[in-house]
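Let's take a walk through this structure together, one stop at a time. Have the sequence and the 3D view open as you read.

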Amino acid sequence: MDMQTNFLDRLFDAGLLIETGVDGLYGRSGEFEDVIAAFERLIDRFGGQDGAEAMRFPPGMNRAYFETSGYMKSFPQLAGTVHSFCGNDHDHMSLLKCMEVGEDWTKEQEATDIVLTPAACYPLYPTVARRGALPMTGKLFDLQSYCFRHEPSKDPARQQLFRMREYVCMGTEQHVTDFRQSWMDRGVEMMKLLGLTVEIDVANDPFFGRAGKMMANNQRDQNLKFELLIPITSVAKPTACMSFNYHQDAFGTKWGLNLEDGAVAHTACVGFGLERIALALFHTHGLSTSDWQEDIRKILWG
Ligand code: AMP
Ligand code: ZN
């Protein structure tokens, strides 16, 4: 059995993750959630004084915004759309018949106005654009959302529905790149405080297809994405638990985000993979939080 399946089974046995029959879709125990809640309080301790505006969106977003975002150009393989039954009595009968005989009953489902949120920051840009110009001093937002990515896996750190806490910064190039650097430093400090082994490396998103290879290379060459990596199921291939993304003025241009002097805003976002961080803690310190070292418990629970 490989390390990923092995760790997943141990998490099920310990009751920390709860099986649903679908790879990457899990329930979480109270103890697991308690670690995430405590870690989010630690994020607040580090970032709470920065003056971020908090917003919480549901795990579904406006399909029209999703289309504008260009997500289907870059990551069609990961997207999840919400479809619904929109038929009449007759259609209903044939749907039930399909189900009964084990045929595909989903073919007639129609797209709704909602798609599943792929990253916590996606609903933010059009929301901020509607407000008008951004102050020259920039703006900072604090987000958290369940996100969907269609990447079923036996690796407990690769889930299909998982939570991402994000800070998103909009402003001048200098402002947003300083923001990104400060969170790289803070991220390393936070993980070290928690006794986790961490490294930062340049990274790329999983852009789809042949054209995607070029986009990934370009992203790497320009240092647009960094990840904070922690060993979870492999020391040789540690898992990305945070990402630090500089979008240059791409999102500013796409969404019409302008500063008060008319310049297009630059944006950057920093994402915490909350399940992955909890898993890194369980992997490193053991599957029962009551057995964790006192200094680690103190940082999380005071
Ligand atoms: P990304 O937008 O891909 O940089 O994702 C931000 C963070 O979310 C990553 O650094 C991970 O910690 C977390 N993440 C991304 N994909 C998954 C997944 N499939 N399962 C769990 N966490 C994920
Ligand atoms: Zn983001």
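Before we set off, one term: a residue counts as buried under 20% relative accessible area, as exposed over 50%, and as partly exposed in between. Keep in mind, too, that this is a predicted model.

Try the term out on Ser182, which sits in helix H7. Is Ser182 buried, exposed or partly exposed? Its relative accessible area is 29%, so Ser182 is partly exposed. From Ser182 you can also look across to Thr267: the two are 85 residues apart in sequence, and their C-alpha atoms are 15 Å apart in space.

Now head for the metal. Which residues hold the zinc ion (ligand 2)? The protein donors are Cys121 and Cys269, each through SG, and Glu166 through OE, at 2.2 to 2.4 Å from the ion. Written as a pattern along the sequence, the spacing of these donor residues is C-x44-E-x102-C. The two cysteines tie together distant parts of the chain, as they are 148 residues apart. Cys121 belongs to the loop between strand E6 (110–116) and helix H6 (124–129), while Cys269 is in strand E12 (residues 266–273). How much of them can be reached from outside? Cys121 has a relative accessible area of 3%, so it is buried. Cys269 comes out at 5%, and therefore counts as buried as well.

Next, a stop in strand E7 (residues 139–148), where you'll find Ser145. With a relative accessible area of 3%, Ser145 is buried. What does Ser145 touch, leaving aside residues up to four places away in sequence? Its contacts include Phe57, Pro58 and Pro59, along with Thr117 and Ala120. Phe162, Arg163 and Met164 are on the list too.

From here, let's move to helix H11 (residues 294–301), which has a clear inside and outside. Its buried residues are Ile296, Ile299 and Leu300. Around the helix axis they cover an arc of only 95°, so they are on the same side of H11. Turn to the other side of H11 and you meet Glu294 and Lys298, which are exposed. And what do the buried residues pack against? Their partners are helix H2 (30–47), helix H7 (173–193) and helix H10 (274–285). Just after H11 comes Gly302, with a positive phi near 75°.

Two of these partnerships deserve a closer look, starting with H2 and H11. Their axes are 8 Å apart, and the helices pack at an angle of about 70°. Because angles of 65 to 115 degrees count as roughly perpendicular, H2 is roughly perpendicular to H11. On the H2 side, the contact is made by Asp34, Val35, Ala38, Phe39, Arg41, Leu42 and Arg45. H11 brings Ile299, Leu300 and Trp301 to the contact. Sorted by class, that gives seven nonpolar, three charged and no polar residues.

H2 also packs against H10, here at an angle of about 110° with the axes 9 Å apart. That angle makes H2 roughly perpendicular to H10. From H2, the residues involved are Glu31, Phe32, Val35, Ile36, Phe39, Glu40 and Ile43. They meet Leu274, Glu275, Ile277, Ala278, Leu279, Leu281 and Phe282 of H10. How many residues of each class are in this contact? There are 11 nonpolar and three charged residues, and no polar ones.

Let's look at a couple of loops as well. Asn223 lies between helix H8 (209–221) and strand E10 (225–230). Its phi is near 55°, a positive value in a residue other than glycine. With 37% relative accessibility, Asn223 counts as partly exposed. Gln248 is in the loop that runs between strand E11 (239–246) and helix H9 (250–255). Here phi is near 50°, again positive in a residue that isn't glycine. Gln248 has 28% relative accessibility and so counts as partly exposed.

The last stop is helix H1 (residues 3–13), the home of Arg10. Its relative accessible area is 40%, which makes Arg10 partly exposed. How far is Arg10 from Pro123, 113 residues apart along the chain? Their C-alpha atoms are separated by 36 Å.

Conventions
Residues numbered from 1 in each chain as written. Chains lettered and ligands numbered in written order. Predicted model: local features only at pLDDT ≥ 70, side-chain atom pairs only at ≥ 80, totals over all residues. Heavy atoms only, no water. Donors = N, O, S within 2.8 Å, 3.2 Å for Na, K, Ca; no water. Helix = DSSP H or I, 4+ residues; strand = E, 2+ residues; numbered from the N terminus. Buried < 20%, exposed > 50% of the residue type's maximum accessible area, 1.4 Å probe, protein only. Contact = heavy atoms within 4.5 Å. Arc of directions from axis to C-beta. Axes fitted to C-alpha atoms, helices over the stretch in contact; angles between N-to-C directions. Parallel < 35°, antiparallel > 145°, perpendicular 65-115°, else oblique. Nonpolar A, V, L, I, M, F, W, Y, C, P; charged D, E, K, R; others polar.
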